[in-house]
Protein chains: 2
Amino acid sequence: MLSITGQTTEAGVTELDFDLTVDGERVPAVIWAPEGAAGRRPLILMGHGAAQHRKTETLAARARRYARQFGWATLSIDAPDHGDRINPEDAAAMARDITARVRGAAREGSGPSSIFKTMGERARRIVPEWRAALDAAQTLAFVGAGGPVGYWGLSMGLVLGVPFVAAEPRVTCAVFGLGGVRPKDEAFAEAAAKITIPVEFVFQWDDAVAPRETGLALFNAFGSAEKTLHINPGGHGEIPAFEQASWDAFFLRHLRD
Amino acid sequence: MLSITGQTTEAGVTELDFDLTVDGERVPAVIWAPEGAAGRRPLILMGHGAAQHRKTETLAARARRYARQFGWATLSIDAPDHGDRINPEDAAAMARDITARVRGAAREGSGPSSIFKTMGERARRIVPEWRAALDAAQTLAFVGAGGPVGYWGLSMGLVLGVPFVAAEPRVTCAVFGLGGVRPKDEAFAEAAAKITIPVEFVFQWDDAVAPRETGLALFNAFGSAEKTLHINPGGHGEIPAFEQASWDAFFLRHLRD
């Protein structure tokens, strides 16, 4: 199931590329870990945003820092319709659409989304894909099974991550951000209610993609006893840098093995 | 103006007690600093809550930790009607009233508040009192003038702290919590709007004293470009312990000299 496609080491961090096959579809995956890592360690699953991919620069930089600074492993996969699972022309069209949405310039249902899977279809696909990736990662000697597993995902990484985390008991804590529950999203609210692990949720108060009331509704929907909501001014792409330090502190608190 | 009334040193931290006289009234104050401290350092002003006093245990413990861990000085004063500015019988009556309010058992305007100054009167008094205390602290060689000054205050420490911070340009960052703006509190909202320094605001989502919408209104009212709101489930007295680490990180970020 796990087919290794490449391995590089740079500045003390090894990046291992592998492919999964899930429901007949190829799912490219990558895991970062400290060079020469041996034995079980905390694992973070990072769910990238729309029009991004498994090695999006900010995500990869954080994964490398986690390996160097904390000794953690980080796993990332290309979501459906993303990364190596989309052709460059469609990817460019999607990027234009996402940019318009983030700026508040796109209408509901506008854009080239008809050529892509709906977000609901992506979510249905990604749950078994994340499971397969987690299964595969836990067979690696430098990750191991039974250790603490954190999930991190903003925007589409939240939209696809909430159903996955709700369904996957191996995930022990989660950072979500930049998304909400609209009144019609009953299935999404039900998934959020099934999440009972510690959650840190970061929300932008002037987000054109997720209105304020949807963020508060998602915070209310989470079933966790420990859930904390961080609200900052600004738009979808303007999370302050200090929230990264807060994610570090959250994961350090909860990923002790 | 500054009259030293006591000094003790324990576990590397010196606690200096002094009295101020402001508008003819005695205002007891205390400052904690590292033992043998010399030269300018960051200063935190901590505003205690209702029915507490300048040396309330949680506040004093944090002040001592700040001295040991970060080398900072912390200043605290008895608010009007509190600490050494109230007789024991009235203090006990106030404590019963506050306990009832925190439990949601007190009606608006109930309780023995008629024997005390109103919160508005306390706020009018405390602004010059905090100023006098800050003037006095900055004459001490181990604090000095012109360094970074943070304010920290929850509940009454927020209610009295917002007007003070709005009026005092020497304060360079502030942590507030457990309070809000009611629709009728126009003067309070105007004070919050005058605050433009970085603010971290922590709010309890099930607070019987400050309803949700008042917390969101206060967050909206702050004039700061950098303002962050942390919301956690639970009541007035149930701020999670991890918020303390977040206050540390906030002050560490903003109190660099």
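This note comments on the interface, the symmetry and the salt bridges of a predicted model with chains A and B.

1. Extent of the interface. In this predicted model, chain B brings 17 residues into contact with 17 residues of chain A. The area buried between chain B and chain A is about 1400 Å², and carbon and sulfur atoms give 62% of that area.

2. Polar terms across the interface. Between chain B and chain A, seven residue pairs are counted in polar contact, with both residues of each pair at pLDDT 80 or more, whereas the rule finds zero salt bridges across this interface. A reader who intends to discuss the charged residues at the interface should keep in mind that five charged residues, together with eight nonpolar and four polar ones, make up the side of chain B that touches chain A.

3. Elements that supply the contact surface. On the side of chain B that touches chain A, helix H7 (212–221), strand E9 (227–232) and helix H8 (242–254) of chain B each supply at least two residues, and the largest share, six residues, comes from E9(B).

4. Strand pairing between the chains. Strand E9 of chain A, residues 227–232, pairs with E9(B) in the antiparallel sense, and the pairing runs over three bridges. Within this arrangement, Leu229(A) stands opposite Ile231(B), which belongs to E9(B).

5. Symmetry. A turn of 180 degrees, with a shift of 0.0 Å along the axis, lays chain B on chain A with an RMSD of 0.0 Å, and that is the relation of a two-fold axis. In chain B, the C-alpha nearest the axis belongs to His230(B), at 2.3 Å from it. The same surface serves both copies, given that 100% of the contact residues of chain B recur in chain A.

6. Salt bridges. Over all chains the count comes to 38 salt bridges, although the interface of chain B and chain A has zero by the rule. One of the salt bridges is formed by Arg85(A) with Glu25(A), whose closest N and O atoms are 3.1 Å apart. Arg85(A) lies in the loop between strand E5 (73–77) and helix H2 (88–102) of chain A, while Glu25(A) lies in strand E3 (residues 25–34) of chain A, so this pair ties together parts that are 60 residues apart in sequence.

Notes
Residues are numbered from 1 along each chain as its sequence is written. Chains are lettered from A and ligands numbered from 1 in the order in which they are written. This is a predicted model: local features need pLDDT of at least 70, side-chain atom pairs count only at pLDDT 80 or more; totals for chains, interfaces and linings use all residues. Side-chain values use heavy atoms; hydrogens and water are left out. Contact means heavy atoms within 4.5 Å. Buried area is the accessible area (1.4 Å probe) that two parts lose on being put together, summed over both. A salt bridge is a side-chain nitrogen of Lys or Arg within 4 Å of a carboxyl oxygen of Asp or Glu. A polar contact is a pair of N or O atoms within 3.5 Å; within protein, one must be able to donate a hydrogen and the other to accept it, and residues adjacent in sequence count only if both atoms are side-chain atoms. Helices (H or I, at least four residues) and strands (E, at least two) are DSSP runs, numbered from the N terminus. Ala, Val, Leu, Ile, Met, Phe, Trp, Tyr, Cys and Pro count as nonpolar, Asp, Glu, Lys and Arg as charged, and the others, Gly among them, as polar. Two strands pair if DSSP finds at least two bridges between them. Copies are superposed by least squares on the C-alpha atoms of residues with pLDDT of at least 70 in both.
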